[in-house]
Amino acid sequence: MLRLKRPLWTATLLTTTLLIISASTHAADWPQWQGPNRDSISAETGLRSTFPEDFKPVWSFKDCGIGYSAPAVVDNIAYLLGADKQENGDYVEFVLALDPSGKQLWKQEVAHYKEGIMLTKWGHGPRSTPSIADGRLFGLGANGDLFALDQNSGKLLWKANLRETYGSMLSGARGKPENTWGYCESPLVDGNHVICTPGGEQGSVVALEAATGKLVWQSKELTDRCSYSSTVIADFGGVKQYVVLTAKQLASVRASDGKLLWTAEVPVNEVAVIPTPIVTGNRVYTTCDYDAGCGLVEVNKDGDQFTAKVLYKNKTMSNHHGGVVLIDGKIYGWTGKTTSRGRWVCQDLETGESVWMEGRAAPAGAVMAAAGHLYCFTQDDGVLVCIEATPKGFKETGRFTIPERTEKQSILGKVWARPVISNGRLYLRDQDLLFCYDIKQDT
């Protein structure tokens, strides 16, 4: 069984986070980016870790459009973003809601953008996973369109463009200001507020009223360009705060008003800073690729002041965008952008040292954890590889391949949407194709 070592004082934070998502969601729902606690870990048990040779989805949907948006799932209804190319070369973005049998409940257009805002060889379309809370859906389009929809009908409630409204500055390749890959952040819902990081001189982080989209505050002291990473909630020294990995550094702002509390110089790069930070106790772990590496930061409070001490920086883990998970003091994920040096790695959180590495059994991919196992979705061939979450070594228990691959793939784009588990179902996306598998153990 998967056991997470969390200090007792974090119980209040975890409870708060679950309430943030929505009072109406169930424990097995996956209502936002990386799940209920934004850590890519499902609390579900009784799941398959072995699969028959002819393992088939219970349903498939083949009109998701293009993009790498992973679904959010509430009550077995899947919500995700996609885009279609128009005859004039522009793109229209939309949100889909699919019922428990895979049939479309509604489809709502949310934004349009021009061909030139993204480098097409990596693929067009939205990257953001929507967040579901209190009957609303919140998402972010590739051109910076932040929006809220009615969860049941798809009706547009409000919309704001991050560049036009909040002076957003997205970090492009090697520090250039152009919108190279589009906006990728998944908005965070915290009670009555939506948190997003437009980045730029007006303030890197904003808090908006969830019901209206009106600005509550914008962080004036933190003005870094935004990255492609998503915000997480933390409670350090009894102060609730939002931890962000910008294009420049790790930083935290106070949840009540956006005041900058601390910063830390962790490994970043000049191309794309992507993975979401991991908060555990009074520490924050970060990683990013392009040979940048990883780091562990310890946060302490002395009176009204915070200090952020970097405990280590190394290159044991340089995760591109498939994410990493923390289980029983060990970090698991893929290190290295290129397969020639890439490996699946188990890393000791405290020391930063490698526990084991495996580069032959499965290629690079995205990872999530459930029921004592890691579900690794490989980017090159769409294979789901299941392994034990153990420091004893790479121990595969089963694998299967999605039944077909997209015909809408770009030149360099791959299977990059994150795998999702909700209510005993596993969701795997490859651009326009979404497959839903029943992975509950046979009784």
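This is a short walk through a predicted model, one selection at a time.

**Colour by confidence.** Start with pLDDT: the chain averages 91, and 91% of its residues reach 70 or more. Now select residues 1–24, where the pLDDT is below 50. In the model this stretch still has 50 contacts beyond near neighbours in sequence. Don't lean on them, because predicted coordinates should not be read in detail where pLDDT is low.

**The largest nonpolar core.** Next, pick Y375, Y437 and I439. Which core do they sit in? They belong to the largest nonpolar core, which has 34 residues, and these three touch the most other members. Then highlight strand β33, residues 433–438: with five residues, β33 gives this core its largest share. There is also a second core, separate from that one, with 24 residues. To find the second core, select L146, C184, C196 and Y228, which are among its members. As background, nonpolar side chains tend to be buried together in soluble globular proteins.

**Over to V58.** Stay around β33 and bring up V58, which sits in the loop between β1 (41–42) and β2 (59–61). What does V58 touch once its neighbours within four places in sequence are left aside? Its contacts are C436, Y437 and D438. So V58 meets Y437, one of the residues with the most core contacts. Draw a distance from the C-alpha of V58 to that of I439 and you should get 9.9 Å, though the two residues are 381 apart along the chain. Is V58 buried or exposed? Neither label fits: V58 is partly exposed, because its relative accessible area is 45%, between the 20% and 50% cut-offs.

**A buried loop residue.** For a contrast, jump to N319, in the loop between β22 (305–314) and β23 (324–327). N319 counts as buried because its relative accessible area is 1%, and the cut-off is under 20%. Show what surrounds it: not counting residues up to four places away in sequence, N319 touches P275, T287, C288, D289, V324 and W334.

**Last stop: empty space.** Turn on cavity display if your viewer has it. How many cavities of 30 Å³ or more does the whole structure hold? The search finds five. The largest cavity contains about 110 Å³ of space. To centre on it, select H321, G322, G365, A366 and Q379, the closest to its centre of the 15 lining residues. Colour the lining of this largest cavity by class and you get seven nonpolar residues, seven polar and one charged.

Note on methods: Residues are numbered from 1 along each chain as its sequence is written. This is a predicted model: local features need pLDDT of at least 70, side-chain atom pairs count only at pLDDT 80 or more; totals for chains, interfaces and linings use all residues. Side-chain values use heavy atoms; hydrogens and water are left out. A nonpolar core is a set of buried Ala, Val, Leu, Ile, Met, Phe, Trp, Tyr and Cys residues joined through side-chain atoms within 4.5 Å. Buried means under 20% relative accessible area, exposed over 50%, partly exposed in between (1.4 Å probe, protein chains only). Helices (H or I, at least four residues) and strands (E, at least two) are DSSP runs, numbered from the N terminus. Contact means heavy atoms within 4.5 Å. pLDDT is the predictor's confidence in each residue, from 0 to 100. On a 1 Å grid over the protein atoms alone, a cavity is a set of points where a 1.4 Å probe fits but cannot get out, and a pocket is an open set with protein on both sides within 12 Å along at least five of seven lines; lining residues have an atom within 4 Å of a point. Grid points are joined across faces, edges and corners, and a volume is the space filled by probe spheres set on the points. Ala, Val, Leu, Ile, Met, Phe, Trp, Tyr, Cys and Pro count as nonpolar, Asp, Glu, Lys and Arg as charged, and the others, Gly among them, as polar.
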